[in-house]
Amino acid sequence: MTIDLLKRAGWFIVFVLVQAMVLGRIHLFNCATPLLYVYFVTSFPRNYPKWGILLWSFLLGLLIDTFSNTPGLASASLTLVAAVQPYYFELFVPRDSVDDLKPAMSTLGPLKYTYYIVVLVVLYCLVFYSLELFNFFNWTQWASCVGGSALITLLLIYTFEIAKNK
Amino acid sequence: MKNLLEFLLKHFHWFLFVILETISVVLLFQYNSYQNSVWFSTANVVVGKFYEWNSAVESFFSLTKVNEDLTLRNFYLERQVTQLRRLYGEATEDLSVKERQELEFLSQYKLIPAKVVTNELHRANNLITINKGESDGVKEGMGVACGKGVVGVVYSTSAHYAIVIPVLNVNSSRISCAIRGHGYFGVLRWDGKDAGIAYVEDIPRHARFKRGDWVETNGYSSIFPAGVLVGQIKEVYNSRDGLSYRLQVRLTTDFGNLRDVVVISDNTIAERLRIMQEARDSLRIKN
């Protein structure tokens, strides 16, 4: 339990630093920003306390916000994804699986994992950019931001997953 | 209590979710000037729109009262203008004394505001119902006017309603009226055709007036005070026997759009009727 907590805290710091130092400064085509830290929220195992997921995600969002100077933006979106994650993940769990099944490509298989991760990432980008632009007059920009960021984030997550399996 | 605690524990994460989201949203709108301004202006637009609707509805419902007041006020001012115009014409004596007399004369009339309940235009003998009756002080023979001009005479009353014979009644409407500024008087009648046109009959041949002159009540009848507007002279004809003029008058009252009226209650009406009756009786005895 303690080891798990420490490990999670380690990843937490890594995601914050990576986002703050590197990924947060990337604006491909002026719209696509990798939001890799959402991977942290999607990786909570089955039967992890829901309040724990919420708190972790909120704190992660708060820190990201602190570095990117957008208070409340990432924390609001991440908390929402964290609320959805346990319920959504339950849909993909095979019948005879362990209690603390981790959502990963190796445990779910590529197809199921794709369903799982794409929806959560797109949901996150959707909420994030809706809150950031906060109007839909400029909806082409909004759509390209959501699409571009979701795409590049997913690309990074897949890279990560594949690298982890090897 | 135990159940409640269990319930709270079971759904604790939802409460936590709401709390965390609230914190985030507060942060978002508090510390981001862009989101803050968008939120603020949107909220302003919404609230403004709501208040606009609200006030529109409110003002619509207060229109009834406003209309009533305006009708009364209009009638009063119309009368006052007439009196003052006459005063101006006769401005040979001390004005202030006469003015005071005239205003006193005005105050002898009591005005009872009423609403038209039923109205008709298309018959030869039209009748109007108003929503004031004996309990409001309306009696037979009282005059009825609206803000624009003369309407008719109360024919019969019940406790809360009264039937008015309007100008647009071929058989029964005989309102005594005169040409403004000249004083020649005649009787207002309607021919049963156009609701906007009536005729003033029995204007003497020696009367001098012109088309476009105004016709108003003359105050002889004790039904209407002098100076209630009737209409404007459109055409001048000879009467059938050629002894008098017959004036075609465009009525100022729009009978097709009649809503607020006032019943004119003259305190002296009873006295005047009584003395007239006495005079008639005594003449009849002599004959």
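This text walks through a helix pair in chain A and a strand barrel in chain B of a predicted model.

In chain A, helix H4 covers residues 73-90 and helix H6 covers residues 110-133. The two pack with their axes 9 Å apart, at an angle of about 155°. Angles over 145 degrees count as roughly antiparallel, so H4(A) is roughly antiparallel to H6(A). The crossing of H4(A) past H6(A) is right-handed. On the H4(A) side, the contact is made by A:Leu73, A:Ala74, A:Ala76, A:Ser77, A:Leu80, A:Val81, A:Val84, A:Gln85, A:Tyr88 and A:Phe89. H6(A) contributes A:Tyr116, A:Val119, A:Leu120, A:Leu123, A:Tyr124, A:Val127, A:Phe128, A:Leu131 and A:Glu132. Sorted by class, the residues in this contact are 16 nonpolar, two polar and one charged.

Chain B holds a closed barrel of six strands, in the order E6-E7-E8-E11-E10-E9, with antiparallel pairing. From one strand to the next, the twist averages 40°.

Strand E6(B), residues 175-179, is a convenient place to start. Four of its five residues are buried, so E6(B) is largely enclosed by the rest of the structure. Strand E7(B), residues 185-189, runs antiparallel to E6(B) and is joined to it by four bridges. Within this pair, B:Ile175 has B:Leu188 as its bridge partner. E6(B) and E7(B) form a hairpin with five residues between them. In the turn of that hairpin, B:Gly181 has a positive phi of about 85°.

From E7(B) the path continues to strand E8(B), residues 197-204, which is antiparallel to E7(B) and joined to it by three bridges. B:Leu188, the partner of B:Ile175 in the hairpin, stands opposite B:Val200 in E8(B). E8(B) then pairs with strand E11(B), residues 244-251, in the antiparallel sense over six bridges. One of the facing pairs here is B:Ile203 with B:Tyr245.

In the barrel order, E11(B) is followed by E10(B) and then E9(B). Strand E10(B) spans residues 229-238 and strand E9(B) residues 214-217; the two run antiparallel and are joined by three bridges. B:Glu216 has its bridge partner in E10(B), namely B:Leu229.

What closes the circuit is the pairing of E6(B) with E9(B), antiparallel and over three bridges. There, B:Ile179 stands opposite B:Val215 of E9(B). This returns the path to E6(B), the strand with four of five residues buried.

Note on methods:
Residues numbered from 1 in each chain as written. Chains lettered and ligands numbered in written order. Predicted model: local features only at pLDDT ≥ 70, side-chain atom pairs only at ≥ 80, totals over all residues. Axes fitted to C-alpha atoms, helices over the stretch in contact; angles between N-to-C directions. Parallel < 35°, antiparallel > 145°, perpendicular 65-115°, else oblique. Left-handed = near helix turned anticlockwise from the far one by under 90°. Contact = placed C-beta atoms within 7 Å. Nonpolar A, V, L, I, M, F, W, Y, C, P; charged D, E, K, R; others polar. Pairing = 2+ DSSP bridges. Buried ≥ 20, exposed ≤ 12 C-beta atoms within 10 Å, placed from the backbone.
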